[in-house]
Protein chains: 2
Amino acid sequence: MNHNDLKKNELTNQYYYGTDQFLVAVDCMIFGFDLRDEKLKVLLFKRLVEPFYGEWSLIGSFVRSDEGLDDAAKRVLLELTGLKTVFLEQYKSYGQIDRDPGARVISTTFWSLIKIEELDLGLIESHGAKWFTFDEVPHLVLDHKKMLKDVKTLLTKKVRYQPLVFELLPEKFTMPQLFKLYQEIYQRSLDDRNFRKKIISTRLLLRLEEKDKGSSRKGAYLYQLNRERYDELIEDGFDFDL
Amino acid sequence: MNHNDLKKNELTNQYYYGTDQFLVAVDCMIFGFDLRDEKLKVLLFKRLVEPFYGEWSLIGSFVRSDEGLDDAAKRVLLELTGLKTVFLEQYKSYGQIDRDPGARVISTTFWSLIKIEELDLGLIESHGAKWFTFDEVPHLVLDHKKMLKDVKTLLTKKVRYQPLVFELLPEKFTMPQLFKLYQEIYQRSLDDRNFRKKIISTRLLLRLEEKDKGSSRKGAYLYQLNRERYDELIEDGFDFDL
DNA sequence: GCAAAAGTGTTACTGATACACCCATGA
DNA sequence: TCATGGGTGTATCAGTAACACTTTTGC
């Protein structure tokens with residue numbers, strides 16, 4: 001920020017800002033992995049108020065003068081999902097003059113990865129929210145579709161360098177679930193033997209004695225994330241090209 | 001953005017925004033590689049106006065109502081460097097309540113990689129600007145030091161996955177120059193034989209017949225960037241872990 | 001002829017790919 | 001006993017890491 005645009009009040013000899021002011025909003029994209037149909041989904045909202053009544057949009061809010069951008073995003077996420085400690089990261093700000101025909105609004109976007117099963121379904125329904133696969137995403141208000149597309153691209157790229165996928169899985173998960181999630185994100189089929197070797201070599205996983213018999217008679221071993229190793233790889237990055 | 005915060009004028013039956021407004025600024029970080037001392041540097045500005053007279057800061061400006069965020073960043077960069085077609089990317093927005101004690105300002109940061117030798121030195125001096133190595137960076141106003149630190153970290157990470165370094169080199173450059181640049185960014189010494197093999201295997205380089213005799217009697221071959229391959233790797237990413 | 005920087009190759013090892021069958025269980 | 005999904009191993013190939021000497025040329 002540059003204060004060249006300050007003006008001086010010659011009476012009080014004090015400086016004041018003579019420049020334009022803007023409405024500032026945050027918009028959140030919430031992603032989840034639905035273990036039932038093994039699809040990556042995004043949570044969208046049917047607007048129940050004017051303007052844009054009945055249209056789908058991201059969830060957002062104007063920023064208030066008593067909160068920072070990150071606070072506003074956390075507030076929105078909490079109100080909607082009841083979740084506090086989730087992966088939430090700031091992405092770009094969108095500030096095209098004409099992005100909102102109603103008023104000049106600068107919007108800072110955030111994206112969040114959550115564990116779908118931790119979500120209170122009643123809470124999201126009461127907010128008019130619904131999970132969509134990316135094929136099903138309807139028309140969205142303003143430039144929300146562009147925002148979503150940009151963040152989806154970012155997610156796909158980031159997953160290659162950071163083990164973010166674990167934010168989308170429950171505490172205990174099976175190898176086939178993890179495998180399906182990677183296939184879903186990369187949008188192609190992978191060799192499952194090589195996948196197992198590679199993911200095991202990252203030392204991110206801890207195999208439990210328990211099995212999950214939910215999807216087969218034989219049952220699949222449950223795994224847990226090695227949290228220290230996770231933090232290490234989030235920080236340092238890894239190459240998980242498949 | 002969510003329009004729940006809209007208020008309705010019961011007389012006109014029209015909606016209007018009743019929420020808080022903010023000053024919005026852009027702040028730019030400009031990086032260059034100085035071929036003379038083979039150091040990565042950042043361009044900083046000595047403020048010649050109040051407030052913060054005489055202190056160092058990033059270059060920035062308030063956003064005007066007739067321009068988008070990206071436009072504002074381009075304008076700042078153009079005014080300062082005279083450069084139009086450079087690498088310029090948006091990074092985070094900073095919106096802590098108390099980040100600017102003078103007023104509530106939301107600042108969107110941008111970072112740029114430029115070829116130092118394309119810069120008009122007179123122009124930057126007249127703006128009170130100076131190149132600093134990262135060891136030499138002085139105290140900066142507001143949260144600019146934090147911004148710089150965050151972007152520096154981002155740059156170091158990104159360089160591993162995208163061939164961004166070429167934005168910092170002239171059209172024609174030598175292998176030793178490229179090698180020194182990588183060492184400078186990664187902050188460690190690399191094996192030069194393996195480095196050559198690896199960078200050549202990316203097919204990013206085109207070796208010219210000319211030699212640059214600026215730094216040795218023998219002379220070093222000049223290389224040019226293979227632009228198509230560059231675009232491809234910027235898009236798809238590569239793993240340049242060394 | 002020597003100082004200073006540029007350029008080059010081989011071997012050993014590690015990780016990646018490609019590929020097909022047996023296992024455990026409940027119905 | 002059979003259908004379903006889960007789990008495993010090996011051989012080949014490609015890429016990485018470690019390592020030291022020769023070349024060029026202006027002074």
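**View 1. S112(B) and its contact with F87(B).** In this predicted model, the side chain of S112(B) reaches the backbone oxygen of F87(B) at 2.9 Å. This is a polar contact (a pair of N or O atoms within 3.5 Å; within protein, one must be able to donate a hydrogen and the other to accept it, and residues adjacent in sequence count only if both atoms are side-chain atoms). S112(B) lies in strand β8 of chain B. Helices (H or I, at least four residues) and strands (E, at least two) are DSSP runs, numbered from the N terminus. S112(B) is buried because its relative accessible area is 0%. Buried means under 20% relative accessible area, exposed over 50%, and partly exposed in between (1.4 Å probe, protein chains only). T109(B) also sits in β8 (residues 105–114) of chain B. T109(B) counts as buried, at 0% relative accessibility. From T109(B) to L58(B) the C-alpha distance is 9.8 Å, across 51 residues of sequence.

**View 2. The surface around DNA strand D.** The surroundings of strand D comprise 21 residues, with R196(A), K197(A), K218(A), Y221(A) and N194(B) nearest. A residue is near a strand if one of its heavy atoms lies within 4 Å of it. By class, 3 are nonpolar, 4 polar and 14 charged. Ala, Val, Leu, Ile, Met, Phe, Trp, Tyr, Cys and Pro count as nonpolar, Asp, Glu, Lys and Arg as charged, and the others, Gly among them, as polar. The side chain of R196(A) places an N or O atom 2.9 Å from a phosphate oxygen of strand D. For K197(A), the side-chain N or O atom is 2.6 Å from a base oxygen of strand D. For K197(B), the partner is a base nitrogen of strand D, at 3.1 Å. Two or more residues each come from α5 (192–201) and β12 (220–225) of chain A and from α5 (192–201) of chain B.

**View 3. The surface around DNA strand C.** Strand C has 21 residues around it; R193(A), N194(A), R193(B), K197(B) and Y221(B) are the closest. Sugar and phosphate make up 44% of the strand C atoms within 4 Å of the protein. A side-chain N or O atom of N194(A) is 2.9 Å from a base nitrogen of strand C. A polar side-chain atom of R193(A) is 3.5 Å from a base nitrogen of strand C. G219(B) uses a polar backbone atom, 3.4 Å from a sugar or linking oxygen of strand C.

**View 4. Salt bridges in chains A and B.** A salt bridge is a side-chain nitrogen of Lys or Arg within 4 Å of a carboxyl oxygen of Asp or Glu. The whole structure holds 33 of them over all chains. D34(A) and R36(A) pair at 2.9 Å, N to O. D34(A) counts as buried, at 5% relative accessibility, whereas R36(A) counts as exposed, at 72%. A salt-bridge network links D34(A), R36(A), D37(A) and K41(A). R75(A) and E67(A) form a salt bridge at 2.7 Å, closest N to O, and both residues are buried. In chain B, D239(B) bridges to R160(B) at 3.7 Å, N to O. D239(B) is in the segment after α6 (227–236) and R160(B) in the loop between α3 (144–158) and β10 (172–174), 79 residues apart.

**Conventions.** Residues are numbered from 1 along each chain as its sequence is written, chains are lettered from A and ligands numbered from 1 in the order in which they are written, and side-chain values use heavy atoms, without hydrogens and water. Local features need pLDDT of at least 70, side-chain atom pairs count only at pLDDT 80 or more, and totals for chains, interfaces and linings use all residues.
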